[in-house]
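Me: I would like to work through some surface and aromatic features of a structure, one question at a time. Please reason briefly before each answer.

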Amino acid sequence: MIAWAFDPEALGPPPPGVEVVEEPVPEVEFVVPRWDSMPVLDELPGLRVVQVLSAGVDWITDLVPDGVTLCSARGTRDRAMAEWIAAAILAEVKHARPFAIAQGRREWRPMTLHDAAGLRILVVGFGSIGRAVHQMLAAFECEIVGVARHARDGVHGVDELPELLGEFDDVVNLLPLTEQTEGFFGARELGLMREDALYVNAGRGATTDTDALVAALQAQRIRAVLDVVDPEPLPSEHPLWTAPNVMISPHSAGDTPAADRAAWTLAAKQLRRYAAGEPLENVVRDGY
């Protein structure tokens with residue numbers, strides 16, 4: 001069989017009987033694409049499996065032909081994402097943004113710092129990344145509560161969210177982008193959050209109504225730390241750049257060397273499983 005990856009060396013030695021090619025050919029069965037180096041999947045009649053290196057798959061689901069299995073890299077970027085979320089929350093607690101502004105103005109401006117211990121944090125989209133966030137922030141004695149599509153032991157269902165939002169200091173959005181989650185956090189949801197609460201979005205930008213978020217920030221009702229926004233890249237003239245009480249990073253929270261290595265390791269494992277006729281992991285169904 002033939003496989004293709006945009007970085008064959010990162011994929012490592014192929015299993016017996018598998019040839020990894022540098023350019024996709026019609027006979028390719030297994031593809032490891034990247035959003036900015038995508039083959040035209042419809043032009044690969046032999047294609048059977050698409051294994052991405054990202055946890056989210058919204059950027060490729062519409063491009064995968066019927067009958068082709070799509071697999072995510074869920075789990076490989078959990079640590080990197082959890083570190084970014086913890087850093088975002090701790091930076092706000094310790095006033096990193098106001099101190100940076102004061103430094104830019106050459107102002108010696110003492111401020112009262114706060115403690116992470118005792119923070120109540122609501123994680124919406126509580127999957128493997130959410131569990132990593134829970135483990136990491138538990139060390140700071142934070143209280144972490146999860147919300148998922150369906151209630152399960154220790155995790156609330158999404159139908160309970162309106163009653164929960166006002167009870168937490170921080171709300172972390174880890175939702176994937178699907179038809180059901182597009183614009184999920186709108187004016188109503190942001191308005192239900194506690195006054196001066198922190199909104200952290202590390203899932204997908206389009207799960208938030210950007211106009212509603214800008215309005216909430218401009219009214220100084222809430223604060224925000226965002227790794228994802230809508231649109232991306234954010235145009236230089238967009239009002240979100242200059243809204244008060246917001247920090248923005250360019251969709252890079254999960255892109256660390258260790259996370260990249262883990263994603264490629266998973267891709268190689270998946271290729272070996274496919275070549276051996278074994279069931280694949282992280283098969284995407286209904287956008288998850």
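Me: Is E179 buried or exposed, and what is its relative accessible area?

Reply: In this predicted model, E179 sits in the loop between β9 (170–173) and α6 (187–192). A residue counts as exposed when its relative accessible area is over 50%. E179 passes that cut-off and is therefore exposed, with a relative accessible area of 74%.

Me: Which residues form a negative surface patch with E179?

Reply: Patch members need over 30% relative accessible area and no salt bridge, and like charges are joined within 9 Å. Along with E179, the negative surface patch is formed by D62, E182, D209, D211, D230 and E232.

Me: How are the rings of F30 and Y274 arranged as an aromatic pair?

Reply: A search of the whole structure finds four aromatic pairs. In the one formed by F30 and Y274, the ring centres lie 6.0 Å from each other and the planes make an angle of 40°, so by the cut-offs of 30 and 60 degrees the pair is tilted.

Me: Which elements does this pair link, and how many residues apart are F30 and Y274?

Reply: F30, which counts as buried at 0% relative accessibility, belongs to strand β3 (residues 28–32). Y274 belongs to helix α8 (residues 257–275), and the pair links distant parts of the chain, its two residues being 244 residues apart.

Me: Which residue forms one aromatic cluster with F184 and F185?

Reply: F184 is partly exposed at 21% relative accessible area, whereas F185 is buried at 0%. The aromatic cluster that holds F184 and F185 is completed by Y199.

How values were computed. Residues numbered from 1 in each chain as written. Predicted model: local features only at pLDDT ≥ 70, side-chain atom pairs only at ≥ 80, totals over all residues. Heavy atoms only, no water. Patch = residues over 30% accessible without salt bridge, like charges linked within 9 Å, V, L, I, M, F, W, Y side chains within 5 Å. Areas by Shrake-Rupley, 256 points an atom, 1.4 Å probe, with all protein chains shown as cover. Salt bridge = Lys/Arg side-chain N within 4 Å of Asp/Glu carboxyl O. Lys, Arg positive; Asp, Glu negative; His and termini not counted. Charge placed at Lys NZ, Arg CZ, Asp CG, Glu CD. Helix = DSSP H or I, 4+ residues; strand = E, 2+ residues; numbered from the N terminus. Buried < 20%, exposed > 50% of the residue type's maximum accessible area, 1.4 Å probe, protein only. Phe/Tyr/Trp six-rings, centres within 6.5 Å; stacked < 30°, edge-to-face > 60°.
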